[in-house]
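Visitor: I'd like to learn how to read a few features in a model like this one. Could you walk me through it?

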Amino acid sequence: MSETESYRHITVLLHEAVDALAVREDGVYVDGTFGRGGHSRLILSRLGDAGRLIVFDKDPQAIAVAEELARSDKRVSVVHGGFASFRTALDDLGIGDVDGALFDLGVSSPQIDDAVRGFSFRFDAPLDMRMDTTRGMSAAEWIAVASEQDLHEVIKNYGEERFSRQIARAIVAQRAESPIDTTGKLAKIAAENVRTRERGQDPATRTFQAVRIFINRELEEVEAVLPQVMCRLKQGGRLAVIAFHSLEDRIVKQFVRKYSQHAPLPRWAAVREADLPEPPLKAVGKAIKPCEEETVANPRARSAVLRVAERTAGPILGR
């Protein structure tokens, strides 16, 4: 078994997400988070010979799988990078507007389960946490130089951790004695400073989530890609996003809400709201969550939320 096949990945909301794209046989689609290709392969099964799929991923192991797929299927183009480069990557590939884009946010099961990646407190391993191990600062490198205030703000804002200040203070005290360079050391600090534990949750969960999100700029990338996708969707094209925690889902929900309704008109406006052009997006159905059968088979799916929006004929002001 190759390194890229060593860790099993169960694709969350597989059929629901691809069904939401309403795939056309000759369409052009984007899988912004290839992972191990579960969504991509299902999209390809619904595309005809004239269809095209562009896949993005930061993770070198995921890219290895994607490139193997591209070698056997000429409809696939691979982009090694974050999906925040959506617009420039499409331009480089000579692609204009697309028929749909799918994003399965957060960390993948292979990343969590591979101890050396440093995403999980379940293993004592080097504290890395980078989705793209070929570039950028690791979690250990950032923790070694971040100020106490920055540590506190990241753990509080990205992890929603009530004991962020105590954890930040303990990190600064500990690193003065020895480097915090393994997952075990960071997990120990969290365990010692989280005074009340949520049922069924390790005390390090929120701290690890926060550092991972910060190191990989996850929320910034979501905020950056959504308007790019809206501008490149054809009329009737679909945007589908699977989020796994409230911070991601809030960004997606607020974005769709903002662009699927008119901004309130001032009282003095000489035009009726009914006469305004159609908003550029419309929400498609309600948020979708995994069924009980899926969550039993894959407990990591429990927190997943799928939101779908469709591009209308309405103009995007300022485009």
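Visitor: How many salt bridges does a search of the whole structure find?

Guide: Keep in mind that this is a predicted model. The search comes up with 17 salt bridges. Take Lys234 and Asp99, whose closest N and O atoms are 3.3 Å apart. Lys234 sits in strand E5 (residues 233-243) and Asp99 in strand E4 (residues 98-104), so this salt bridge ties together parts that are 135 residues apart in sequence.

Visitor: Which residues belong to the network that includes Asp99 and Lys234?

Guide: Let's do a helix pair on the way. Glu192 and Lys188 meet in a salt bridge at 2.5 Å, N to O. They are four residues apart in helix H9 (residues 183-193), so about one helical turn separates them. As for your network, salt bridges with shared partners join Arg24, Asp26, Asp99 and Lys234.

Visitor: Is Asp99 buried or exposed?

Guide: Buried counts as under 20% relative accessible area. Asp99 is buried, at 5%, while Lys234 is partly exposed, at 31%.

Visitor: Now the strands. In which sense do E1 and E2 pair?

Guide: Strand E1 (residues 28-31) pairs with E2 in the parallel sense, over four bridges. The chain gets from E1 to E2 through helix H2 (residues 38-46), in a right-handed β-α-β crossover.

Visitor: And how many bridges join E2 to E3?

Guide: Five, and those strands run parallel, with E3 spanning residues 76-80. Helix H3 (residues 60-72) carries the chain across from E2 to E3, again as a right-handed β-α-β crossover. As for cover, five of the six residues in E2 (residues 52-57) are buried.

Note on methods: Residues are numbered from 1 along each chain as its sequence is written. This is a predicted model: local features need pLDDT of at least 70, side-chain atom pairs count only at pLDDT 80 or more; totals for chains, interfaces and linings use all residues. Side-chain values use heavy atoms; hydrogens and water are left out. Buried means under 20% relative accessible area, exposed over 50%, partly exposed in between (1.4 Å probe, protein chains only). Helices (H or I, at least four residues) and strands (E, at least two) are DSSP runs, numbered from the N terminus. Two strands pair if DSSP finds at least two bridges between them. A crossover is right-handed if, with the strands pointing away from the viewer, the path from the first strand over the helix to the second runs clockwise. A salt bridge is a side-chain nitrogen of Lys or Arg within 4 Å of a carboxyl oxygen of Asp or Glu.
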